[in-house]
Amino acid sequence: MAFALHGLPVSHGIAIGYAHLVSHATLEVSHFLIPAKKVEAEVARFDEALAEVRGELAGLKAAAAAGAPSEVGAFVDMHMMILSDPMLTDGPRELIRTRRCNAEWALVQEMESLVAQFDQIEDAYLRERKQDVVQVVERVIKVLMGHPGVTPPKRKEGGVIVVAHDLSPADTIHFKQNQIAGFVTDLGGATSHTAIVARGMSIPAVVGLHHVRHLVRDDDLLIIDGTRGVVIIGPDERMLDEYRLRKSELELERFKLKRLKSAPSQTLDGEHVSLLANIELPEDVHQARQAGAEGVGLFRTEFVFMNRDDMPTEDEQYEAYRSVVQAMKGRPVTIRTLDIGADKTLRGASRIEPNPALGLRAIRYCMAEPKMFLCQLRAILRASVHGPIRLLLPMLAHAHEADYALTALSQAKEQLRVKGHKWDPHLEVGGMIEIPAAVLALNVFLKRLDFLSIGTNDLIQYTLAIDRADEAVAHLYDPLHPAVLRLIAQTVSSAKRVGIPVSICGEMAGEPVFTRMLLGLGLRQLSMQPAQILEVKQEVLRCDVGDAAMKVVRMLRSDEPERVRECLERINGHSG
Ligand code: PEP
Ligand code: MG
């Protein structure tokens, strides 16, 4: 019998497909039975994978001794210990032999039961060690997948819908390489980076469903309505027909929007609005170009650092940044320096943070790892000879953070000069405004920087004190909270007063419902997921900025949520 679950709609559209249960997305493994006569060969395959990972870890240990970043070195011994523990290795052998599970499936089952035991531990440090168990298992799975044994049975036709308890942004970015129709998770907030990546891929997603992973079985037929936040499990023919129709209507609407690609992005009263793209990986630049982006307003470089055991070298980074700049053919590319931390973690990061969103994140992390920061700055500078690059510093709150970054940039230039490399001498440096303190003390940044970019995802998180990745407080995540609107307005007006350009690159910029309001607030540069650009352009074309600005003034005076929402409706021309 069909039933529906309701969660947070984080990426629009309809997906129809078969459930693929995932314990942890990087552990996206097949589940199948091994023929009785191949069981011992499967156990041997498992043991060989363990041995290979032991070798990998020994290699990492040697690299750590030779001066790899401290974060990488610290976890190796712990992982060696976990890998040798019979608690992790005996169980899967037993499962292969007695239940004939394939090795990957057996290992993931054992991991889940271990992780559940860790959850019961009172000591926070020991409890967090479960992450290490997961990481060790990931390594073994990766090796097993590289040496497949019995071929898994063929999947049914239709899209694959990933069903998981939780997905990290690093997990989700994997999906860019694998065709999936959509995903649903128990946990997650609307502006978590996992949700952002889903929007970037234009795949429907619903998060914060609480129990979906327990209620769905592998290969169940599912419908995801990513616009309304609904997941239907086991739909009947009538429901399927209804959603197929809605899906094709949405596809038609998207297709029609393509006509706007070459239309100038101009309001009814003739104001030009720059629509820029947010990208996570260099290859996303093609989507940005297809959508007609005027440039890249935010390149989240941390994704280049994820899903690997080491840091990308200067040359690797240079190649990544150069490829984006060249693909944009003279259009500006805003490269944000590493914003690791909070929900975006590097593999092997072993430090337990009591409160990651308030911890060693973004510029703070870069200041703690100066070698790595200089390496990234050199790579960005070198890429700047291939086209216009703007450098963006994340999460500024203190004047000294901007000073530190500017000094590091001079140092990086000096290092390049010694080596005979060139860079763009006009490269501009800007800062993300995403902490309320930065808005309230904006002058220090206006004096030091060439441009600003408002990151509303974090600005909302830090203003309202709610974790953007936690579905339990997702209902409190309110872009229309008067405090948030006033912080945006204050940033725009202070920057305008001194002639410093200011853009917006949080998810609000890609929500058509906010476009006219943002223009009314004085913004003229909006950066968003490429898939949102044409929908937002449609709103730009319908907007009379003079009218929107007048209505926004009234909106900024309102404290009552109801009034603020009425004002938004008026700005969007729905009443009054
Ligand atoms: C933001 O905080 O709004 C932003 C654009 O940065 P990120 O989502 O990567 O934190
Ligand atoms: Mg941010």
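## A tour around ligand 1

Start by selecting ligand 1 and its surroundings: 17 residues sit around ligand 1, and His193, Arg300, Arg336, Asn457 and Arg468 come nearest. Keep in mind as you go that this is a predicted model.

Next, bring up the oxygen atoms of the ligand and look for polar partners. Pick Asn457 and show its backbone: an N or O atom there lies 2.7 Å from an oxygen atom of ligand 1. Step back to Thr456, where a polar backbone atom is 3.1 Å from a ligand oxygen. Now switch on side chains and go to Arg468, which places a side-chain N or O atom 2.8 Å from an oxygen of ligand 1. With those contacts on screen, try a surface: on its own ligand 1 exposes 280 Å², and the protein buries 100% of that.

Where does ligand 1 sit? In the largest cavity. To see what surrounds the ligand there, colour α9 (193-201), β10 (296-300) and α20 (456-464), the elements that each give two or more residues to the shell. Linger on α20, since its 3 residues are the largest share of that shell. Then recolour the shell by residue class: you should get 8 charged, 5 polar and 4 nonpolar residues.

For the last stop, leave the ligand and select helix α23 (residues 533-542), which holds Leu541. Is Leu541 buried, partly exposed or exposed? Leu541 counts as partly exposed because its relative accessibility is 26%. Finally, draw a distance from the C-alpha of Leu541 to that of Ile363: the two residues are 178 apart along the chain, and the atoms are separated by 37 Å.

Terms used:
Residues numbered from 1 in each chain as written. Chains lettered and ligands numbered in written order. Predicted model: local features only at pLDDT ≥ 70, side-chain atom pairs only at ≥ 80, totals over all residues. Heavy atoms only, no water. Near = heavy atom within 4 Å. Polar contact = N/O pair within 3.5 Å; in protein donor to acceptor, adjacent residues only side chain to side chain. Areas by Shrake-Rupley, 256 points an atom, 1.4 Å probe, with all protein chains shown as cover. 1 Å grid on protein atoms, 1.4 Å probe; cavity = no way out; pocket = protein on both sides within 12 Å on 5 of 7 lines; lining within 4 Å. Sits in = over half its atoms within 2 Å of the grid points. Helix = DSSP H or I, 4+ residues; strand = E, 2+ residues; numbered from the N terminus. Nonpolar A, V, L, I, M, F, W, Y, C, P; charged D, E, K, R; others polar. Buried < 20%, exposed > 50% of the residue type's maximum accessible area, 1.4 Å probe, protein only.
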